[in-house]
Amino acid sequence: QVQLVESGGGLVQAGGSLRLSCTGSARTFSSYNLAWFRQAPGKEREFVARISWSGSSTYYADSVKGRFTVFRDNAKNTVYLQMNSLKSEDTAAYYCAVGAWSDRSGEYPYWGQGTQVTVSS
């Protein structure tokens with residue numbers, strides 16, 4: 001089992017940037033593919049981005065493509081989500097998850113507690 005801890009959320013103005021981190025506890029963290037999801041109040045959890053265990057493959061939701069970048073440092077057991085050109089519609093709680101290779105949140109067994117991102121317009 002792996003424990004995940006997200007950090008880096010906060011309040012930012014539209015057009016600004018934030019970098020989220022997801023750090024895993026397991027020594028095998030570097031063998032996990034990882035995904036980022038987000039959930040806004042009253043909305044379903046949606047896929048944002050995912051990265052393979054090696055970092056060689058990445059996928060993005062159309063809504064964030066070209067603005068967000070996911071990358072990882074396996075030596076630090078950490079995956080990052082660099083978010084640029086933020087928009088008000090990016091406001092949500094952001095979660096990282098491992099244990100699958102999918103855009104579907106239901107397929108992931110392990111989740112972090114989430115970090116809040118609020119973009120003011």
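The backbone nitrogen of Q113 lies 2.9 Å from a polar atom of the E6 side chain, and in this predicted model that side chain also has a polar atom 2.8 Å from the backbone nitrogen of G114. E6 itself belongs to strand β1, which spans residues 4–7. Although E6 is buried, it has no salt bridge, and the nearest side chain of opposite charge, that of R45, is 7.5 Å away. A salt bridge would require a side-chain nitrogen of Lys or Arg within 4 Å of a carboxyl oxygen, so the 7.5 Å to R45 does not qualify. What the acidic side chain has instead are the two backbone nitrogens already named, those of Q113 and G114.

The surroundings of E6 lead on to other parts of the chain. Leaving aside residues up to four places away in sequence, E6 touches S21, C22, W36, Y94, Y95, C96, G112, Q113, G114 and T115. Two of these contacts, C22 and C96, form a disulfide with their sulfur atoms 2.1 Å apart. The pair links distant parts of the chain, since C22 is in strand β3 (residues 18–24) and C96 is in strand β9 (residues 92–98), with their positions 74 residues apart in the numbering. A disulfide is a covalent bond between the sulfur atoms of two cysteines. The link of C22 and C96 is right-handed, with 70° about the S-S bond, and the count for the model comes to one disulfide. Are its two cysteines buried or exposed? C22 counts as buried because its relative accessibility is 0%, and C96 counts as buried because its relative accessibility is likewise 0%.

Another of the residues that E6 touches, W36, opens the way to the pairing of strands β4, β5 and β6. Strand β4 (residues 34–39) pairs with β5 in the antiparallel sense over five bridges, and within this pairing A49 of β5 is the bridge partner of W36. The hairpin of β4 and β5 has six residues between the strands, and there G42 takes a positive phi near 80°. Strand β5 (residues 46–51) is mostly covered, with five of its six residues buried. On to the next pairing, β5 and β6 run in the antiparallel sense over three bridges, and R50 has Y59 as its bridge partner in β6. The hairpin of β5 and β6 also has six residues between the strands, with G55 taking a positive phi near 85°.

After β6 the chain passes through a loop, between β6 (58–60) and β7 (68–73), that holds R67. Is this arginine buried or exposed? R67 counts as buried because its relative accessibility is 11%, and its side chain makes a polar contact of 2.8 Å with the side chain of D90. Apart from residues up to four places away in sequence, R67 touches Q82, M83, N84, S85, L86, K87 and D90.

One of those contacts, M83, stands in β8 opposite F68 of β7. The strands β7 and β8 pair in the antiparallel sense over six bridges. In a regular strand the side chains alternate between the two faces of the sheet. Strand β7 has a covered face made of F68, V70 and R72, and an uncovered face made of T69, F71 and D73.

The turn between these strands brings up a point of backbone geometry. Most residues other than glycine have a negative phi. Which residue in the hairpin of β7 and β8 has a positive phi? With four residues between the two strands, the turn includes N77, whose phi is about 55°, a positive value in a residue other than glycine. N77, in the loop between β7 and β8 (78–83), counts as buried because its relative accessibility is 17%.

S85, which is among the residues touched by R67, also has a positive phi, near 50°, although it is not glycine. This serine is found in the loop between β8 and β9, and it counts as partly exposed because its relative accessible area is 40%. The strand that follows this loop, β9, is where C96 lies, and with C96 the path returns to the disulfide and to the contacts of E6.

Methods:
Residues numbered from 1 in each chain as written. Heavy atoms only, no water. Disulfide = S-S within 2.5 Å. Buried < 20%, exposed > 50% of the residue type's maximum accessible area, 1.4 Å probe, protein only. Polar contact = N/O pair within 3.5 Å; in protein donor to acceptor, adjacent residues only side chain to side chain. Contact = heavy atoms within 4.5 Å. Lys, Arg positive; Asp, Glu negative; His and termini not counted. Pairing = 2+ DSSP bridges.
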